[in-house]
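Student: I have just opened this model and would like a friendly tour. Could you take me through it step by step?

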Amino acid sequence: MPAQILLNIFIAFLWMLLMDEDELKFTTFFTGYLVGIGIIFLMHRFFGSAFYLRRVLSVIKLLFIFISELTQSSLLVLKQILSPRLKIRPGIFRYETVLRSDLEVTMISLLLTLTPGSVVMEVMEVMEEGSVLYVHAMDVENERDAILSQLKNFEKAIMEVTR
């Protein structure tokens, strides 16, 4: 992926030189970058890796999923706080994830911890099957299904980014 990005930037600068303009213009560089994207897309199978914009789009998708889940969980916590009586039952549950690498497990732990109402307390490593997360939730009875769906969404998006 880094080689494709560097090659694309090189093509953009080469495009700027071939245009032979008196000034350096961003529009010329951007046009060259778009031409480079086209060239690299047509030749990406020769690099031995996937086209780099797929991973960039996957990162953007993960960011939007996180913002969506953050908003939903913030509203849920706000609803709990503003209710006249607290009807929460905090608790801990176990979640087996299919993510294997340290980077993937760290990402899912941080993304879940950053959303209000839940915290990853411990990560237990399991060899090939994945890892086990112990998650503390603000209201286990009502929020467990929501947190499980969050974890599934995060898992899919993280696997698209890292694999």
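Tutor: Gladly! One term first: contact here means heavy atoms within 4.5 Å. Keep in mind as well that this is a predicted model.

Student: Which helix lies across S1, S2 and S3, running at about 25° to S1?

Tutor: Two helices lie across these three strands, so let the angle and the strand it refers to decide, with angles taken between N-to-C directions. Helix H4, residues 102–114, runs at about 165° to S2. The helix that runs at about 25° to S1 spans residues 140–162, and that is H5.

Student: What is the order of the strands in the open sheet?

Tutor: Start from the edges: S1 (91–97) and S2 (118–126) each have a single partner strand, so one side of each is left without a neighbour in the sheet. Strand S3, residues 130–137, runs antiparallel to S2, and eight bridges join the two. Within that pair, Glu125 stands opposite Ser131 in S3. The sheet has three strands with antiparallel pairing, in the order S1-S3-S2.

Student: By what angle are neighbouring strands of this sheet turned against each other on average?

Tutor: Direction is ignored for this value, so the antiparallel runs do not enter into it. The average turn between neighbouring strands is 20°.

Student: How do the residues of the contact of H3 with H4 divide into nonpolar, polar and charged?

Tutor: The axes of the two helices come within 9 Å and cross at roughly 30°. From H3 come Leu62, Phe66 and Leu70, which meet Met107, Leu111 and Leu114 in H4. Leu, Phe and Met count as nonpolar. The division is therefore six nonpolar, no polar and no charged.

Student: Which element gives the largest share of the lining of the largest pocket?

Tutor: This pocket has a volume of about 170 Å³. Its lining includes Leu76, Lys79, Gln80, Asn142 and Glu143, and by kind the lining residues are two nonpolar, three polar and five charged. Helix H3 (52–82) and H5 are the elements that give two or more residues. The largest share, three residues, comes from H3.

Student: How many residues apart are Glu160 and Lys61?

Tutor: Side chains of opposite charge can pair when their charged atoms come close. The structure holds four salt bridges, and in one of them the side chains of Glu160 and Lys61 meet at 3.1 Å, N to O. Glu160 sits in helix H5 and Lys61 in helix H3, so the pair links distant parts of the chain. Their separation is 99 residues.

Note on methods: Residues numbered from 1 in each chain as written. Predicted model: local features only at pLDDT ≥ 70, side-chain atom pairs only at ≥ 80, totals over all residues. Heavy atoms only, no water. Pairing = 2+ DSSP bridges. Helix = DSSP H or I, 4+ residues; strand = E, 2+ residues; numbered from the N terminus. Axes fitted to C-alpha atoms, helices over the stretch in contact; angles between N-to-C directions. 1 Å grid on protein atoms, 1.4 Å probe; cavity = no way out; pocket = protein on both sides within 12 Å on 5 of 7 lines; lining within 4 Å. Points joined across faces, edges and corners; volume = space filled by probe spheres on them.
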